[in-house]
Amino acid sequence: MIHSVDTILALVLLSILFSYGYSQLFRLIIVVGFQGIVVSIVPFFIGHDMTAGGIVFTIATLLIRGIIIPMSIYIAMKKRAIQSKVAPIIGYQASILCGLGVIVAATYISRQLNIPSISNYTLLFPTAIALPVTGMFLLMTRRNAIAMVLGYIIMENGIYLIGTTISVRALHIVEFGILLDVLAGVMIMATILQTIERTFDDVDTENLRTLKE
Amino acid sequence: MIESIILWLFAISAAPFFSAMILKVKAFFGGRKGPPLLINYYTLIKLFKKGSVYSTSTTIMFKLGPIISLGSAITVLMFLPIAGQQAIFSFNGDIIFILYTMGLSRFFTIAAAMDTASPFEGMGAAREAYFPIICEAATFMIFILFYRLTGELQLSAYFSGDNTIALWNLAGAPLLFIIFSFFIILLTENSRVPADDPATHLELTMIHEVMVLDHSGPDLGLIELGSFCKLFFYSTIISRLILPFDLGFPGLAFVLYLLGLALVYIAVGVIESIIARYRMDAVPQFVLTSFALAFFATIITLEFIR
């Protein structure tokens with residue numbers, strides 16, 4: 001019988017697959033928001049006791065990961081009229097095939113690892129492995145700086161999922177620390193982005209090669 | 001057995017009617033009245049009454065093309081369990097036979113197009129050869145999944161009697177992906193929007209239509225009938241997948257089946273009305289989505305059923 005958590009995670013895996021093929025930035029942002037929401041809800045279902053603190057924490061994570069970060073990126077994109085294509089180095093079709101390979105590898109690895117505490121949730125660990133690899137892939141193969149930031153957030157979502165699944169009973173304070181980390185990271189990236197954009201009128205990172213002393 | 005043959009004859013004769021439903025839906029979206037639902041029969045009768053014109057540069061290949069494409073389309077229908085009934089023929093591994101019978105018809109269509117020595121037709125033939133390759137990979141992925149679920153390699157094991165409901169019970173969520181994937185295959189294989197536009201009048205943007213430009217009269221009629229039957233084949237499979245219920249009476253199952261068919265054809269019509277066709281280089285990515293979905297469904301299923 002398929003667990004309800006697994007059903008949501010199947011959708012996350014599908015969104016991972018699509019994020020390889022998307023050329024429009026706003027679709028990628030929607031994917032990131034969706035993944036952020038699911039990633040923050042899942043630990044609540046698997047092991048965390050439903051205390052008041054737990055609920056508050058889940059809602060806070062959900063708000064930051066699922067709504068605030070994607071929305072702020074979207075607003076920044078609209079405000080500066082940044083080009084909405086992700087400018088890939090590897091083409092979309094090859095990317096989709098890479099995505100399939102990543103998902104196959106992730107399921108294979110998770111089967112090998114076979115962690116007993118989460119063995120009830122079949123898709124949890126494959127998703128947790130596929131997310132960081134996808135983020136890494138987007139970081140490496142997209143030239144648009146915003147796509148890179150989104151890749152970083154996807155990667156971070158995956159790390160969060162791995163962290164919460166392996167240490168099922170991590171303290172909330174630790175998770176909150178991770179969350180602050182992301183927020184700070186995104187802010188720093190936003191500042192750098194703004195500088196790149198002001199200098200070159202574009203967020204294509206290829207432009208940075210022309211910098212000289 | 002007799003029922004199967006009657007259903008088979010029904011399929012061939014009803015296929016043009018359902019294709020006209022697409023035109024009706026498109027007309028509805030355009031705010032027009034649209035052609036009558038029997039338009040395709042009138043067209044076929046008109047075409048069969050005409051004579052044929054053959055270019056002097058063509059050979060026997062050109063005349064074989066339409067006959068084989070219709071022949072393979074109705075052969076494939078013989079293997080299809082219509083409305084959950086048994087198929088006329090069925091043997092282990094008939095899926096592969098079916099796929100390559102369709103491949104045969106594609107080969108002869110392409111060969112007939114090349115035979116005319118028209119540069120436009122060669123261009124269409126190249127596209128027609130390219131896109132279905134990805135479709136074939138996707139179709140095989142779907143059948144690998146079905147094989148994994150049922151352990152059988154024949155269409156009757158998936159689509160007749162209670163077997164489809166059994167499939168849903170085994171793997172409900174992946175089957176949703178399969179339906180989407182199969183719908184994309186349907187659109188591509190039958191050259192519908194957004195992969196190809198059957199109503200286009202510009203040779204440069206045609207895929208399937210450009211290959212049959214030189215056919216006339218009865219030959220064109222055979223090709224049209226063949227393409228109606230092919231669309232009917234794919235629609236029947238999707239109809240069975242979305243409404244797999246058998247409610248006791250055979251009559252009721254048949255009504256459900258017709259309902260499913262109408263749904264599929266209306267969905268095709270709606271998609272043709274609201275989506276523009278893709279740029280030629282975006283089509284492979286669209287088809288690849290169907291492969292990715294099927295592949296994804298297979299991985300997920302393997303993960304759950306060890």
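Here are three short exercises, with worked solutions, on a predicted model of chains A and B.

**Exercise 1. Describe how chain A and chain B meet: how many residues are in contact, and how much area is buried between the two chains?**

Solution. Start with the head count: 21 residues of chain A are in contact with 18 residues of chain B. Next comes the area. An interface's size is often given as the accessible area lost when the parts come together. Between chain A and chain B, that buried area is about 1,800 Å², and carbon and sulfur atoms give 80% of it. On the chain A side, the residues losing the most area to chain B are A:Gln93, A:Leu100 and A:Arg111, which together make up 27% of what that side buries.

Now look for polar links. The rule finds zero salt bridges across this interface. It does find one residue pair in polar contact there, with both residues at pLDDT 80 or more.

Then ask which helices take part. In chain A, α1 (4-21) and α4 (92-113) each supply at least two residues of the side that touches chain B. The largest share of that side, 10 residues, comes from α4(A). Sorted by type, the residues on this side of chain A are 14 nonpolar, five polar and two charged.

**Exercise 2. Find the largest nonpolar core: which residues touch the most other members, and which helix gives the largest share?**

Solution. The largest nonpolar core has 136 residues, and those touching the most other members are B:Leu77, B:Phe146, B:Tyr158, B:Leu186, B:Phe232 and B:Phe233. Helix α11 (residues 283-304) of chain B gives the largest share of this core, with 13 residues.

Zoom in on one of those residues. Leaving out residues up to four places away in sequence, B:Leu186 touches B:Leu231, B:Tyr234, B:Ser235, B:Ile238, B:Val264 and B:Val268. To finish, there's a second, separate core of six residues, including B:Ile110, B:Ala125, B:Val210 and B:Met211.

**Exercise 3. Take B:Pro194: where does it sit, and is it buried or exposed?**

Solution. First, place it: B:Pro194 is in the loop between α8 (172-189) and α9 (217-242) of chain B. Second, check its accessibility. B:Pro194 has a relative accessible area of 2%, so it counts as buried, the cut-off being under 20%.

Third, see what surrounds B:Pro194. Not counting residues up to four places away in sequence, it touches B:Leu187, B:Ile271, B:Ile275, B:Ala276, B:Arg277, B:Tyr278, B:Val283 and B:Phe286. As a last step, try a distance: B:Pro194 and B:Ile274 are 80 residues apart along the chain, and their C-alpha atoms are separated by 9.9 Å.

How values were computed. Residues numbered from 1 in each chain as written. Chains lettered and ligands numbered in written order. Predicted model: local features only at pLDDT ≥ 70, side-chain atom pairs only at ≥ 80, totals over all residues. Heavy atoms only, no water. Contact = heavy atoms within 4.5 Å. Buried area = accessible area lost by both parts, 1.4 Å probe. Salt bridge = Lys/Arg side-chain N within 4 Å of Asp/Glu carboxyl O. Polar contact = N/O pair within 3.5 Å; in protein donor to acceptor, adjacent residues only side chain to side chain. Helix = DSSP H or I, 4+ residues; strand = E, 2+ residues; numbered from the N terminus. Nonpolar A, V, L, I, M, F, W, Y, C, P; charged D, E, K, R; others polar. Core = buried A, V, L, I, M, F, W, Y, C linked by side-chain atoms within 4.5 Å. Buried < 20%, exposed > 50% of the residue type's maximum accessible area, 1.4 Å probe, protein only.
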